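Got the viewer open? Let's take a walk through this model, one selection at a time.

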Amino acid sequence: MKLGFLSESPADEAAIRILIEAVLKERTSEVRPPLRARGWPNVLQVLPAILRHLQFQTDANALIVVVDSDDTIVHEADHTDPNKFHPHCRICQIQQVIRKTTKKWRLPGGRERLKTAVGLAVPAVEGWYLLGKDDEIGEEGWVNGLKERSKPYTRKELKRRVYRTVRPSLHLETRIAKAEARRVSKLLKKLEESFPIGFGSMIREISQWERDDYV
Ligand SMILES: [Zn+2]
């Protein structure tokens with residue numbers, strides 16, 4: 001498969017590609033979008049141009065979008081259902097931009113529609129990288145903490161635990177993120193159990209891809 005990735009940093013994109021290859025059980029080739037996002041909400045701003053580019057200027061099969069939730073709500077429902085749209089849920093916001101951007105597209109004959117899958121790292125992608133190393137970390141504890149206004153840990157602490165510094169260089173960040181993604185890619189079931197909304201919903205969208213091909 002030919003995939004494009006949109007995330008908040010090139011280090012995350014490299015690591016997420018490793019996880020997605022484990023999910024798909026196949027190697028992928030990467031189609032580089034012409035733009036990069038620099039954090040949220042820039043992801044939302046560059047997303048329409050990236051969708052258009054991948055669909056009409058490349059032969060990419062799919063785009064994977066993953067953002068951090070930071071302190072925003074982690075909405076529990078089908079984010080791809082417009083009737084269950086939650087205005088502060090980042091997955092819902094991204095899905096809405098995808099719907100609006102692609103709604104009226106007319107594709108050239110023979111070109112398949114670009115598939116998409118959206119993930120939300122709660123509260124940051126470093127939480128995924130700590131899977132199996134720190135059982136305190138996962139969506140349930142984080143969501144309960146947000147409700148009670150006492151976060152069990154901070155994003156800074158997650159960074160420090162993963163990179164041993166809160167300000168890693170891009171080189172260090174990429175090297176460690178890829179190594180952790182390779183480790184975690186052997187624990188996909190556990191990753192989905194610990195992050196059922198943000199990782200789980202992305203996996204469910206991907207598992208829908210194959211079915212879409214036979215419709
Ligand atoms: Zn949502």
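Start by selecting strand 3 and showing its side chains: Ala62, Ile64, Val66 and Asp68 point one way, while Leu63, Val65 and Val67 point the other way. That fits a general pattern: along a regular strand, side chains alternate between the two faces of the sheet. Keep in mind as you look around that this is a predicted model.

Are the residues of strand 3 buried or exposed? Seven of the seven are buried, so the strand is largely enclosed by the rest of the structure.

Now bring in the neighbours. Strand 3 belongs to an open sheet of four strands, arranged in the order 2-1-3-4 with parallel pairing. At the edges you'll find strand 2 (29-30) and strand 4, each pairing on one side only. In any sheet, what holds paired strands together is backbone hydrogen bonding, and the pairing can be parallel or antiparallel.

Select strand 1 (residues 2-6) next. Strand 1 runs parallel to strand 3, and the two share four bridges. To see where they meet, click Leu3, whose bridge partner in strand 3 is Ala62, then Gly4, which stands opposite Leu63.

Hop across to the other neighbour. Strand 4 also pairs with strand 3 in the parallel sense, here over seven bridges. For a landmark, pick Ile64 and look opposite for Ala117 in strand 4.

While you're there, highlight Thr116, which sits in strand 4 (residues 115-121). Its relative accessible area is 15%, and since buried means under 20%, Thr116 counts as buried. What does Thr116 touch, leaving aside residues up to four places away in sequence? Show Leu51, Leu63, Ile98, Glu205 and Trp209 and you'll have its contacts.

Next stop: the metal. Select the zinc ion along with His75, His79, Cys89 and Cys92. The two histidines donate through ND1 and the two cysteines through SG, at 2.0 to 2.3 Å from the zinc ion. The angles among the four donor atoms are 94 to 119°, and the site is tetrahedral. Reading along the chain, the donor residues are spaced H-x3-H-x9-C-x2-C. Zoom in on His75 and Cys89: both lie in the loop between strand 3 (62-68) and helix 3 (90-102), 14 residues apart. Try a surface view as well: His75 is buried, with a relative accessible area of 9%, and Cys89 is buried too, at 0%.

Last stop: helix 7. Select residues 170-184, a helix of 15 residues that reaches 20 Å from its first C-alpha to its last, close to the 21 Å expected at 1.5 Å a residue. Colour its buried residues, which are Glu173, Ile176, Ala177, Glu180, Ala181 and Val184. Now turn the view so you look down the axis: those buried residues fall within an arc of 135°, so they line one face of the helix. The general reason is that an α-helix has 3.6 residues a turn, so residues three or four places apart point the same way.

Which helices do the buried residues of helix 7 pack against? Show helix 1 (10-24), helix 4 (125-129), helix 6 (155-163) and helix 8 (188-194) to see these partners. Then swing around to the other side of helix 7, where His171 and Arg175 are exposed.

Notes: Residues numbered from 1 in each chain as written. Predicted model: local features only at pLDDT ≥ 70, side-chain atom pairs only at ≥ 80, totals over all residues. Heavy atoms only, no water. Donors = N, O, S within 2.8 Å, 3.2 Å for Na, K, Ca; no water. Tetrahedral: all angles 85-135°; square planar, octahedral: opposite > 155°, others 65-115°. Buried < 20%, exposed > 50% of the residue type's maximum accessible area, 1.4 Å probe, protein only. Contact = heavy atoms within 4.5 Å. Expected span 1.5 Å × (residues − 1). Arc of directions from axis to C-beta. Pairing = 2+ DSSP bridges.
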